[in-house]
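Trainee: I am new to this structure and would like to go through it step by step. Could you show it to me before we begin?

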Amino acid sequence: MSWGTELWDQFENLDKHTQWGIDFLERYAKFVKERLDVEQTYAKQLRNLVKKYCPKRAKDEEPRFTSCVSFYSILGELNDYAGQREVVAEEMSHKVYNELMRYSQELKAERKHHLQEGRKAQQFLDHCWKQMDNSKKKFERECREAEKAQMTFDRLDNDINATKSEVEKAKAQLYLRTHMADESKNEYAAQLQNFNTEQWKHFNKSIPHIFKNLQNMDERRTVKLGETYRSFAEAERRVIPIVSKCLDGMVSAAKSVDERRDSTIVVESFKSGFEPPGDFPFEDFSQNLSRTGSDGTISNTPKAERDLGPIPRSEAKQTIGRSKNKLWLFGKKPKWSVKMVPSLEDFSHLPPEQRRKRLQQKIDELNRELQKETDQRDALNKMKDVYEKNPQMGDPNSLQPKISETICNMQKLRSEIHKNESWLSEVEGKQSSRGDRRHSADNHHHTPGRESPEGSYTDDTSQEHHTPRHRPAQPAQPNPDPHEFDDEFDDDDPLPVIGHCKALYSFDGQNEGTLKMAEDEVLYVIEEDKGDGWTRARKQSGEEGYVPTSYVEITIEKNSKGAVTYI
């Protein structure tokens with residue numbers, strides 16, 4: 001339907017309707033603005049949430065557990081999801097809100113123009129009507145005056161007492177009024193015809209044209225609203241594939257959680273490489289009691305005790321001390337174990353397995369640094385060649401100091417790598433030899449393997465700070481041979497010296513197989529710590545034995561693998 005033909009007399013209502021349409025469009029634009037503000041706030045809060053729970057440690061310090069890695073993957077996907085919410089907000093701002101505000105201004109200007117045209121046409125029609133009305137009133141007035149003049153003339157003409165001059169004067173007045181009435185009539189007719197013509201043009205041409213323009217404007221406004229509604233939805237739909245990928249990534253991260261892998265990582269992270277402690281011997285404190293059948297005491301003795309004989313009280317006391325101190329693995333550690341051990345360059349303060357891993361990590365880091373230095377050296381050499389071929393580009397000698405520095409750094413890194421690889425080979429060799437010894441011990445029950453000097457543990461509180469770290473023992477026989485450590489020193493040829501060590505603390509070495517040393521005393525190292533906390537050393541006098549590794553500062557000779565001097 002056309003507004004021009006159906007609503008020709010509703011100019012004021014159409015004025016109000018078009019104004020309402022623009023107000024509604026701006027209201028929708030305000031809704032879109034608040035919606036995109038919500039999206040931006042939501043995206044910002046999501047990013048802050050991700051930032052809050054993301055790890056703040058360096059890459060190599062992040063947990064390797066699959067549950068942690070999956071959670072960080074989910075945080076990454078959530079961060080991408082927040083980015084898509086920002087994309088939605090940007091799309092709404094650019095393609096909906098900004099477009100609506102621009103179109104609103106255009107509609108206001110166009111509506112104002114059409115309404116002004118309508119008002120001008122209405123004003124012109126009103127002007128024509130006033131002219132026609134004035135001519136009509138003048139014609140009516142002139143007709144009444146002419147009628148009065150006719151009546152005056154007729155009265156004087158029939159009056160026998162009226163003079164001829166009065167009759168002539170009335171006749172002239174009648175002629176004048178009649179003539180003026182005729183002119184007013186013609187003017188009125190012309191104005192009436194003109195008004196009718198303008199009125200027909202107004203209601204059949206001007207107003208329909210103006211109303212059609214207003215109708216087109218309002219319909220375009222409606223179409224624009226529909227397009228922005230669609231753009232509003234499309235802004236969401238366009239990010240759905242990426243959002244789906246983010247959600248799929250979260251599901252994949254959830255599926256990648258592996259409890260067995262996490263358990264394996266726990267083992268790899270905390271495995272020390274030490275052997276578990278051996279069995280505790282039976283300690284009989286009733287050896288010195290006289291047993292008779294008459295006093296009613298129980299005289300039956302465990303079979304192992306009858307076979308092996310009584311245990312001296314001094315040994316029993318030492319055994320008690322060992323038992324108490326062995327329990328620190330599961331309870332409170334003795335004071336000497338709480339002391340802060342300085343972090344050594346070769347990581348010898350760590351258990352064997354952890355030491356091997358740390359050495360391997362350090363070698364990998366040094367190799368990466370070496371590769372960087374190598375790349376830098378190659379780049380500098382290429383630049384130097386370019387300068388030599390094209391002197392105008394630069395002085396090749398200016399690069400020599402940097403090249404020399406890079407080569408020096410490479411040499412240092414290679415030296416560090418070689419040193420760490422030697423330590424790594426040493427650790428791996430120890431673990432292999434310990435595995436061989438364990439296999440040999442399983443095959444020879446009478447030789448349970450070299451154990452730590454168990455007697456070095458004491459419950460004397462005055463000597464707790466001198467107590468060495470516990471070396472876990474192989475499973476022991478009920479009555480261990482007191483000379484089993486002496487067997488290791490009865491070789492035909494003495495062991496070669498592989499380094500030296502300086503005593504940091506004094507050690508009494510009262511037990512079998514241990515070596516007494518004084519603080520700051522220098523000893524020869526003839527066998528390194530095999531991961532059990534004990535180092536085999538030799539004094540200048542030739543006396544050999546084991547000392548706690550944590551009590552000494554060890555220096556291994558670089559040529560220890562080759563010929564050495566025997567003491």
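Mentor: Before we come to the hairpin, one definition is needed: two strands are said to pair if DSSP finds at least two bridges between them. Please also keep in mind that this is a predicted model.

Trainee: How many residues lie between E2 and E3 in their hairpin?

Mentor: E2 and strand E3, which covers residues 534-538, pair in the antiparallel sense over three bridges, and within this pairing Tyr524 stands opposite Arg538 in E3. The turn of the hairpin holds Gly531, whose phi is positive at about 95°. The number of residues between E2 and E3 is six.

Trainee: What is the order of the strands in the open sheet?

Mentor: Let us build it up pair by pair, beginning with strand E1 (residues 499-503) and strand E2 (residues 522-527), which are antiparallel and share four bridges, one partnership being that of Lys502 with Val522 in E2. E1 is also joined to E5 by five bridges, again in the antiparallel sense, and here Ala503 has Val552 in E5 as its bridge partner. The edges are strand E4 (544-548) and strand E5 (552-556), each of which pairs on one side only. Taken together, the five strands of this open sheet have the order E4-E3-E2-E1-E5.

Trainee: Which helix gives the most residues to the largest nonpolar core?

Mentor: The largest nonpolar core has 34 residues, and Tyr28, Val32, Met92, Leu100, Phe211 and Leu214 are those with the most contacts inside it. At least two residues of this core come from each of helix H2 (11-53), helix H3 (66-158) and helix H4 (164-255). The helix that gives the most, with 12 residues, is H3.

Trainee: With neighbours within four places in sequence left aside, which residues is Val32 in contact with?

Mentor: Val32 is among the residues with the most contacts inside the largest nonpolar core, and a contact here requires heavy atoms within 4.5 Å. Once the neighbours within four places in sequence are left aside, the residues in contact with Val32 are Met92, Val96, Tyr97, Leu100 and Phe232.

Trainee: Where does H3 bend?

Mentor: H3 has 93 residues and reaches 134 Å from its first C-alpha to its last, which is close to the 138 Å expected at 1.5 Å a residue. There is nevertheless a bend of about 35° in H3, and its place is Ser93.

Definitions and conventions
Residues are numbered from 1 along each chain as its sequence is written. This is a predicted model: local features need pLDDT of at least 70, side-chain atom pairs count only at pLDDT 80 or more; totals for chains, interfaces and linings use all residues. Side-chain values use heavy atoms; hydrogens and water are left out. A nonpolar core is a set of buried Ala, Val, Leu, Ile, Met, Phe, Trp, Tyr and Cys residues joined through side-chain atoms within 4.5 Å. Buried means under 20% relative accessible area, exposed over 50%, partly exposed in between (1.4 Å probe, protein chains only). The expected span of a helix is 1.5 Å times one less than its number of residues. The bend at a residue is the angle between axes fitted to the seven residues ending there and the seven starting there.
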